[in-house]
Amino acid sequence: MSKILVTGGCGYIGGHTIVDLAEHGYDVISVDDLSNGYLQMNAGISEILKRPVKNYQVNLCNLEDTRAIFEEHPDISGVIHFAAFKSVPESVSKPLEYFRNNLGSLINVLSCCKEYQIKQFVFSSSCSVYGNADHLPVTEATPMKEAESPYARTKQIGEQICRDFAHANPTISIALLRYFNPVGAHPSALIGELNERPENLVPVVTQTAIGKRASMTVFGNDYDTRDGSCIRDYIHVMDIANAHTRSIQKMEEGVLPTGCEVLNLGTGNGVSVMELIQAFEKVSGVRLNYTIGPRREGDVIAVYADNSKAVNMLGWKPKYDIDSMMKTAWDWELSLKKKEETARLN
Ligand code: WQD
């Protein structure tokens, strides 16, 4: 049974990927310093898998602490690196923290991959590297634009670091996975996105619908799109998770060759903010209290993927449509409310 180290394993995408890896026969260990992740995620994973998954609460910017994990597990065959700060507005106000954390941790993990001869590495990248692309859908060959934020720049630089590392270490296979907009939750509603004050759309929608927030704002409906609101490629977090499992599988099979492969992880369907809200209201039966406000600085008008390279190379096919994304997101919010009510009663 191959052992995979997942960094950021108590985070939203890392946690869901651990479940998918384990369900496909992998032995998984997690490292997460809980600066962004939650132990609740690790508990939920154990409930789904009916066995514990060990998490090392280590800051990957500390090289000695990071090396100690590889020392303890000489049988690690692959690494999936999620651990990073990821708030776009926070990166604008704290650029140095973002460069130090996101790039420092990546460099330490890659240096351990070299020292411990790890041959499979998956890097969590982002469609934000494209910026406002001139043509849609974006393919992996679409040139990167000027990053809209220091966060996006850490992903652009992170990809370059991986490329240079792969060039200097020709026996390693590296997949650079560019996520579009991951949303939704595991169908069990035992794990999902955890963030008290989210800035991204779907948790803002579900927190407004359940009453945690009085209302929400649609940031602009005067864009040059079919209904005036921004368009994104929303993709279910379990589809994203499965693409990671398949990347490791294809590296083991030699289908993903040594060197660096960039893959777009999107559905290929663009959905507007208003269309997403309408889908949510239909699925939840809840009328959403929102107002139309001014545009948000840094927002890309429209971006969605050409995912054919990932579909062909990984044999991957996104399974969830926008309605099922909204259903699992809503079920997760409802389960959080139930947990909070139970906690209040005890
Ligand atoms: C989507 C749309 C908003 C909140 C995110 C991550 C980024 C990257 C890509 C991983 C926009 C609108 C939002 C609200 C709104 N992911 N919106 N009201 O900006 O595409 O970027 O996905 O690397 O890290 O930040 O996602 O969900 O913030 O916004 O109208 O209260 O929803 O204007 O058009 P975004 P988002």
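The following questions and answers concern a predicted model and the surroundings of its ligand.

Reader: How many residues surround the ligand?

Author: A residue is counted here if one of its heavy atoms lies within 4 Å of the ligand. The closest are Tyr151, Leu201, Thr217, Arg232 and Asp299. The number of residues that surround the ligand is 20.

Reader: Which element gives the largest share of the shell around the ligand?

Author: Two elements give two or more residues to this shell, namely α7 (201-210) and β8 (216-219). The largest share is four residues, and the element that gives it is β8.

Reader: How many residues of the shell are nonpolar, polar and charged?

Author: The shell can be sorted by residue class. Five of its residues are charged and four are polar. The nonpolar residues number eleven.

Reader: What is the distance from an oxygen atom of the ligand to an N or O atom in the side chain of aspartate 299?

Author: A polar contact requires a pair of N or O atoms within 3.5 Å. For the side chain of serine 126 the distance from a ligand oxygen is 3.0 Å, and for a polar backbone atom of leucine 201 it is 2.7 Å. For the side chain of aspartate 299 the distance is 2.5 Å.

Reader: How much of the accessible area of the ligand does the protein cover?

Author: On its own, the ligand has 690 Å² of accessible area. The share of this area that the protein covers is 87%.

Reader: Over which ring does the charged end of arginine 295 sit?

Author: The charged end of lysine 54 sits over the ring of tyrosine 56, 4.6 Å from its centre. The charged end of arginine 295 is 4.1 Å from the centre of the ring over which it sits, that of tyrosine 223.

How values were computed. Residues are numbered from 1 along each chain as its sequence is written. This is a predicted model: local features need pLDDT of at least 70, side-chain atom pairs count only at pLDDT 80 or more; totals for chains, interfaces and linings use all residues. Side-chain values use heavy atoms; hydrogens and water are left out. A polar contact is a pair of N or O atoms within 3.5 Å; within protein, one must be able to donate a hydrogen and the other to accept it, and residues adjacent in sequence count only if both atoms are side-chain atoms. Accessible areas come from the Shrake-Rupley method with a 1.4 Å probe; for residues, only the protein chains shown count as cover. Ala, Val, Leu, Ile, Met, Phe, Trp, Tyr, Cys and Pro count as nonpolar, Asp, Glu, Lys and Arg as charged, and the others, Gly among them, as polar. A charge sits over a ring if NZ of Lys or CZ of Arg is within 6 Å of the ring centre and within 35 degrees of the ring normal.
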